[in-house]
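Thanks, everyone. Let me put the model on the screen, and then we'll go through its cavities and its helix packing.

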Amino acid sequence: LIHGHYPYCFIAAQLLLQLFAPGRWVPGAPLDDGSRLKYRLNGWFSWWLTLLVVLVLIWRRVIPATLLADELGPILTVSNLASIAFALYLYAFPWLHREAQGPARRGGFFHDFFTGVVLNPRLGSLDLKFFCESRPGLILWVLIDLSLAAQQLELHGRVSAPMLLVCIFHFWYVADYFLHEDAILSTWDIRHERFGFMLSWGCLVWVPFTFSLQAQYLVRHAHELSLPATIAIVALNAAGYFIFRSSNLQKHRFRQNPSAPIWGKRPTFIRTARGTTLLTSGFWGVARHLNYTGDLMMGLAWCLTCKFGHLLPYFYFIYFSILLIHRERRDDQHCATRYGEDWEEYRRKVPWRMIPGVY
Ligand code: NDP
């Protein structure tokens, strides 16, 4: 029963987990009208339960470990069709959803279909954007990786160290996401991005199928790495993770408690005319978006496991650099409009965008 219908079983299971798995309700960031939506955070539980169930299904031989790797093409096709249908639904029926901001049609069909017309579409307590941002895509990404490792084992009789590293790095990244799931509530996507084709396709198709490109490449390139190269790659990933996670947490915790010490000192900040605060110490005093730099360092470490035989595994780093550089500029412009003179002062105090002394 599961074997033939696994894509639908997977999505249905994730929906049920989002709705009913134990977790806590947390208020999101204030919306422009001052209201705050509540979100059910149960990703940590859902993530581990999904992995456990998949493990049991493989152990009981209900599904083969290589299922996702073997069926990558068909699943990619189904995911594409489903996400296009879903985006059309979001475009055509915005009035079906509870929506704090009200739908906004701002351009022609293609513009609105692509960028979305609703900010926080909800069916009952189910927040569609919040659900799609993480659950199916991120978990599927890791499951595809693990299935590709199983396929490499089948083909070569062993799992290579680079494949193992890529699987561990990606696993860590996604587990970390669910552990700090509340951090997504203050991100650009949740707060400002309307939910249309761009986000739904991005989360449901782009993430699982392109983020797993390194593992896809490594299945047929079972090379090994020297010890110094392995140590350097692990160190780059660890340093990137430290910068990425610490800077995001510093901002998040500062906004909750502005007097909690950062690097052992009372934080410095700018109080804006809008009433919010801009942190100027810790990582936020070194550059304005070191969280992006840390994320990129991790991405580079993942790509480097594939050595230099082909450009394809570097796709993630190239795409992600373009995305984050563009995003940093967009956020900078958004904050300049939002905060005016206060943002100018922040720019003066922290002149570097992403890499101190360079950019
Ligand atoms: P940020 O978490 O950096 O949020 C930017 C917002 O934070 C600004 O709009 C502003 O909002 C506030 N802010 C900016 N500077 C300060 C400051 N000094 N003190 C306090 N608040 C400040 O951006 P994102 O939401 O884009 O990214 C979050 C994380 O997600 C990043 O680490 C990024 O790398 C990662 N990411 C990963 C992706 C992936 O595909 N793997 C895709 C996109 C992002 P305001 O003042 O209005 O509150």
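The largest cavity has a volume of about 60 Å³. A cavity here is a set of points on a 1 Å grid over the protein atoms alone, where a 1.4 Å probe fits but cannot get out. The volume is the space filled by probe spheres set on the points, with grid points joined across faces, edges and corners.

A word on the source. This is a predicted model, so local features need pLDDT of at least 70 and side-chain atom pairs count only at pLDDT 80 or more, while totals for chains, interfaces and linings use all residues. Residues are numbered from 1 along each chain as its sequence is written, and side-chain values use heavy atoms, with hydrogens and water left out.

Back to the largest cavity. What lines it? Gln-18, Leu-19, Trp-25, Lys-38, Tyr-39, Arg-40, Ser-125, Leu-126, Asp-127 and Phe-130 do. Lining residues have an atom within 4 Å of a point. Three elements each supply at least two of them: α1 (6-20), β2 (38-41) and β4 (126-127). β2 gives the most, with three residues. Elements are DSSP runs numbered from the N terminus: helices are H or I with at least four residues, strands are E with at least two. By class, this lining has five nonpolar, two polar and three charged residues. Nonpolar means Ala, Val, Leu, Ile, Met, Phe, Trp, Tyr, Cys and Pro; charged means Asp, Glu, Lys and Arg; the others, Gly among them, are polar.

How many cavities of 30 Å³ or more does the structure hold? Two. The second largest has a volume of about 30 Å³. Its lining is Ala-87, Leu-90, Tyr-91, Asp-112, Phe-113, Gly-116, Val-117, Phe-195 and Gly-196. α4 (72-92) and α5 (109-115) give two or more residues each. α4 has the largest share, three residues. The classes are six nonpolar, two polar and one charged.

Now helix packing. Start with α6, residues 128-156, against α2, residues 43-59: the angle is about 40 degrees and the axes are 11 Å apart. Axes are lines fitted to C-alpha atoms, for helices over the stretch in contact, and angles run from 0 to 180 degrees between N-to-C directions. That angle makes α2 oblique to α6. The cut-offs: under 35 degrees is roughly parallel, over 145 roughly antiparallel, 65 to 115 roughly perpendicular, the rest oblique. The crossing of α2 and α6 is right-handed. That is, the near helix is turned clockwise from the far one by less than a right angle; anticlockwise would be left-handed. In contact (heavy atoms within 4.5 Å), α2 uses residues including Trp-47 and Leu-51, and α6 uses residues including Arg-135 and Ile-139.

α6 also packs on α7, residues 161-179, at about 160 degrees, with axes 10 Å apart. So α6 and α7 are roughly antiparallel. This crossing is left-handed. Arg-135 and Ile-139 of α6 take part here too, among others, and Met-163 and Phe-178 are among the α7 residues. The contact divides into 15 nonpolar, three polar and two charged residues.

Last pair: α12, residues 290-304, and α13, residues 315-339. Their axes come within 9 Å and cross at roughly 170 degrees. They are therefore roughly antiparallel. Contacts include Tyr-292 and Trp-302 of α12, and Phe-317 and Arg-327 of α13. The split is nine nonpolar, two polar and three charged.

Notes. 1 Å grid on protein atoms, 1.4 Å probe; cavity = no way out; pocket = protein on both sides within 12 Å on 5 of 7 lines; lining within 4 Å.
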